[in-house]
Amino acid sequence: MVQELGDAPVEDEVVIPFADLDEIAGRLDELRRQDYRRKAVADIRQHTRGRDGTDVGELLRVQAGPLRVFHAPTGMGKNVLSELIAVWCAQQGRVISLVVPQSAQVLATVYRLRQDLTDLGVSARVTPVVSPASMMELAEQTASNPHDDADFRTWVYREMSYICPLTGHATTSSEAVDAWTPGQEPCDQLKPNGPKADKTLACPWRGGCGKFRHHRAAASADILVTNHANFLTGHIHAPMRGRPAPGRRMTTEQLLLHRSHLVIIDEADALQAQAFDQAARQVLLAQDGAERTPVRELDSQFRRHCHRLPMSLEQYLRPLINHLVWLAESYVSHLVGGVIHPDRERRSMVVPRRWDGMFASRIFGLEDGERPTEQQMQAVNQLYKREGPLELADEVEGLAELRELLSSVTDLAGGSDRLTHATLKRIGEAFAAITGDSDGKRLSSLALLAARRAYLEEMRSILHRIVGVAAPLQGAGISAGNGLVDALASHVPWRAAPYGPLGRALFAFSETFDPADRHLTALRLKSFVGDPHAHLAYVGEVTALAHTGTRRAVIGMSATAFMPYAPRHHLLPEPAWYVPDDVNGSLTVELQAGQDDGAGIVVSGTDGVNRERAYTAMGRSVGQDLPAQLDAVAADAATAHRAYALLAPTAYDAGPSLARGMIDVGVVASEICVAVRPQELAALERMPPGWVPIASNRLEQFPHAVGHGRCRYLIAPMARVERGLNIVDRDGRSLLHVACLVNRPIPVMEDPPVLLSLVNSLAYRRRRPGPEPAAELERLRIVAGQIFDDIRSGQGYFKSLGEDIKLAVVGITGGCGCWTPPSPRPPPTPRCPPSLRSCAGNGRPRTTCP
């Protein structure tokens, strides 16, 4: 069933009267016997300032075009304001889209909005827009969570569950029917029996299937709610008529921009950070002694399921996959054996094509500072291709002989590996014949780089060819290539700014080598593609114009969107509106060293059992100090509501270790709540660990709706609690006395999202707007390349980095450790547990701590 979209609405400005929002809030508060909605509207209207520092007045004017950032501290009621604006839009006949961080928040938001609209007598439709593959998982997780409200659990299961008639009709095996995996149905990848097996068919029930009902409803709903991940990369799985862009499927972003008069993005800085996670990826290609790698798993699944592929595609892929496995594992073997040695010990990141300029300079005898011509660079590239023309071969004697060596070094001929010390010597001699250079050390280095370039670029080329047929592989049940697809196809879906300051997709290889343990030797592919800074900044302008032909009004809500030295979270547009941070408190930072039996606790640089022991020691340190603080807070009637604590380590695995350490020093196990991945919750409930597990997408349930209301301590990864989480009571007051950041290591500079965000952010800080954008883009490309090389060649030491990069690293890692929320009267500064940073202020970590 094809859905009719209609024309995209055109509205240059959405004007929202605060009086209307106050009237809606008052009616809902009166119906529910609450007051927090009107309070949120009043606080925001009173304290909000425009870009020039003046009061916002009685109207919130949202112009269509670049992102309009609304910057306000946590606790001001930004989420309440968003939902009130959604109700107002429904009353005014406008379509609005809300983009929230997690799927669980999508469901809760839709549930609340439907209740609000019903209570107010407003006839409007609200629909969640989530991935159909996750619908049943969300339904089952929510239904099985005893801590959620019973009515909400029933509603979610009815809203998100579906049945699949295809399973029962496609097989006569009862076992196959019972083995149905919700979300993994081959809806449009069916293969007929008989001679037309190459043809791909779609399920005949797809047009009315419950799996896609929300996507069909999104074509006409008044309020659409989706999550960050779906907004960035999701697709609409229902055919739409009336959209301007060609293609089989519409993206979620395109649908929301096409249908909405207004889009509000909650935690916009977190959306940008997630976009960097998706734009910059890495995938393991080979590791010494490893039996299971993505490449090995791809080979295994291909051999099991290749009969499901057309014969022509099977014959195309088989040699590619076999050659990829051999190249990757052979390269790692040469790292271990010493034939190939990295630029420096332990870890190095290389961009093979960046060596081409040096090769051209040596081969063609260029002067210092002279750039190779396009023809010369083409000739260098052709050295690695056995067939086709070879530019300048007639002018440079010995070029053809060098080509013969480099184009065959990755061959497995007669069962013999050609990359040997003897081959490297011959390559060096070929370079000597061309350049006239007699320096053996220089020639040896040149030959090694040329051979490494041959191996690494051949692997990248093969991976691209495999990724090009990813859809039929997935349709045949070969999912092992998904990690490879993610790394190499991170430029999908379409972006108005696909590459950013770097100017192109950049692929690098990370070589890890430890002479003390050969099994740590590994090869990884890293991809750097995308420009989340520009994408989010101009989603309402450039992207909306491209998708819909008109600009769109887009608000980005955040408490931490303006932090110029935090490259992943700082948004390019200056805030259009802001609430001063000191409205509900101030911030003090203190650093204290951790002690366990008088000895310092070191977590960074440890792994395995040693890291578990360090976190357990950290738990003992925390457990000796926090209980007395919480007891004192609980004894005071004015502060008793917040006699709870949050501990935020850097990873899920740290939670159980911290809990064990706290239990060792006498903290009651049933008072400790540890966040776990949602898929791990069922197993932990069957075999209780002593402490109370909570799904990481249900942290708002702490403390009253988990562990029979007895939990006092919540341990959850920093990435899950630093943004988008409000642990408050019904009056909007924070329930946390103290929140502790347990260990915050310096990020690895070669981590792709970190590196890409650093490069893009530092390059944009040096931008020079002018009348010639093409020239400025070229200048930015050169600047970004220099920044990338400076970071990559920094030997991995913080002290070797430039001042701008050091400040950016502090911006990434800054976060604060412990803070106290606002209170009607100034609270006493909490004593922070050893080893933690302490902040007394407005209940938010800040990435600008000194």
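Histidine 71 stands opposite tyrosine 578 in strand 20. Strand 5 (residues 68-71) and strand 20 (residues 577-578) run parallel and are joined by 2 bridges; two strands pair if DSSP finds at least two bridges between them. Helices (H or I, at least four residues) and strands (E, at least two) are DSSP runs, numbered from the N terminus. This is a predicted model, in which local features need pLDDT of at least 70, side-chain atom pairs count only at pLDDT 80 or more, and totals for chains, interfaces and linings use all residues. Residues are numbered from 1 along each chain as its sequence is written, and side-chain values use heavy atoms, with hydrogens and water left out.

Strands 5 and 20 belong to an open sheet of 8 strands, ordered 3-20-5-19-12-6-8-7, with mixed pairing. Strand 3 (49-50) and strand 7 (126-129) are at its edges; each has a single partner strand, so one side of each lacks a neighbour in the sheet.

Two helices lie across strands of this set. Helix 3 lies across strand 5, strand 6 (96-100), strand 8 (223-227), strand 12 (262-265) and strand 19 (553-558), at about 160 degrees to strand 6. Contact here means heavy atoms within 4.5 Å; axes are lines fitted to C-alpha atoms, for helices over the stretch in contact, and angles run from 0 to 180 degrees between N-to-C directions. Helix 11 (residues 252-259) lies across strand 6, strand 7, strand 8 and strand 12, at about 155 degrees to strand 8.

Helix 3 (residues 78-92) also meets helix 4 (residues 103-120): their axes come within 11 Å and cross at roughly 50 degrees. The two helices are therefore oblique to each other, the class left once angles under 35 degrees count as roughly parallel, over 145 as roughly antiparallel and 65 to 115 as roughly perpendicular. Helix 3 contributes Glu83, Ala86, Val87 and Ala90 to the contact, and helix 4 contributes Thr109, Arg112, Leu113, Asp116, Leu117 and Leu120.

A further open sheet has 5 strands in the order 26-25-27-24-28, paired in parallel. Its edges are strand 26 (692-695) and strand 28 (738-741), each with a single partner strand, so one side of each is without a neighbour in the sheet. Within it, 3 bridges join strand 24 (residues 645-648) to strand 27 (residues 713-715), and leucine 647 has isoleucine 715 as its bridge partner in strand 27. Helix 24 (residues 608-635) lies across strand 24, strand 27 and strand 28, at about 155 degrees to strand 24.
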